[in-house]
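Me: I'd like a close look at one part of this model, namely how a stretch of strand pairs up and what sits around it. Could you walk me through it in plain bench language?

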Amino acid sequence: MQNSKIPVHTIPDIIEGIIIRRPSKIIKSPYVADVQIAGEEKLAHCPSLGLCGMIVPGSLVFMSLNQTKTKTDYKVHAVLVNERESKTNFTPSGDVIVGCDPILSNKIGKKIGEHTSELQSPMYLVCRLLL
């Protein structure tokens with residue numbers, strides 16, 4: 001296997017924000033949250049609803065400016081979750097960044113399946129299908 005340091009996907013200009021409330025007080029959709037960015041309250045699209053309770057008021061989220069014309073200024077891509085109390089503690093601090101954009105996850109999975117040489121053999125067909 002070739003060791004490559006080329007990123008599978010890059011999200012330019014990541015912006016950090018804090019969830020204030022979801023759904024937003026302005027747009028009552030569960031896909032929209034009020035977020036605080038640099039002291040200002042903005043609207044952000046949360047494509048995965050509440051991510052099983054991980055996107056709650058006070059959560060640190062990683063966003064980008066919305067590239068499409070929508071009612072929200074930002075799109076949430078990931079959330080910082082503390083897994084300290086979980087048995088699957090991956091880092092000493094317990095902090096894990098969890099992706100919360102299903103469409104982006106599908107694109108990344110597809111790229112990994114297409115560009116990983118080990119997964120190209122028929123022996124690993126199941127792995128490709130699961131991605």
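**A close look at β3 and its surroundings**

Reply: Start in β5, where H45 has K75 as its bridge partner. That spot belongs to a parallel pairing: β3 and β5 (residues 74-82) are joined by two bridges. Two strands count as paired if DSSP finds at least two bridges between them. Strands are DSSP runs of E with at least two residues, helices are runs of H or I with at least four, and both are numbered from the N terminus.

Before going further, some ground rules. This is a predicted model, so local features need a pLDDT of at least 70, side-chain atom pairs count only at pLDDT 80 or more, and totals for chains, interfaces and linings use all residues. Residues are numbered from 1 along each chain as its sequence is written, and side-chain values use heavy atoms, with hydrogens and water left out.

Now for the other partner of β3. Strand β3 (residues 40-45) also pairs with β2 (residues 32-37), this time antiparallel, over six bridges. Within that pairing, D34 sits opposite L43. The two strands make a hairpin with two residues between them. One of the turn residues is A38, whose phi is positive, near 50°, and A38 isn't a glycine. A38 is exposed, because its relative accessible area is 78%; the cut-offs are under 20% for buried, over 50% for exposed and partly exposed in between (1.4 Å probe, protein chains only).

Back on β3, what does A44 touch? Not counting residues up to four places away in sequence, A44 is in contact (heavy atoms within 4.5 Å) with Y31, V32, A33, V35, M63, T72, Y74 and V76. A44 also turns up among the residues with the most contacts inside the largest nonpolar core, along with I19, V35, I55, V61, M63 and V76. That core has 14 residues; such a core is a set of buried Ala, Val, Leu, Ile, Met, Phe, Trp, Tyr and Cys residues joined through side-chain atoms within 4.5 Å. β2, β4 and β5 are the elements that give it two or more residues, and β5 gives the most, with four.

Two more residues help fill in the picture. S64, in β4 (residues 60-65), is buried because its relative accessibility is 10%. Beyond four places in sequence, S64 contacts I11, P12, D13, D73, Y74, K75 and H77, so K75, the partner of H45, shows up here too. I20, in β1 (residues 15-21), counts as partly exposed because its relative accessibility is 28%. With the same four-place exclusion, I20 is in contact with D34, V35, Q36, E41 and P57. Further along, in the loop between β1 and β2, you'll find P23, joined to R22 by a cis peptide bond with omega of about 5°.

How far should you trust all this? The protein averages a pLDDT (the predictor's confidence in each residue, from 0 to 100) of 76, and 69% of the residues score at least 70. Go easy on residues 123-131, where pLDDT stays under 50. Where pLDDT is low, the predicted coordinates should not be read in detail.
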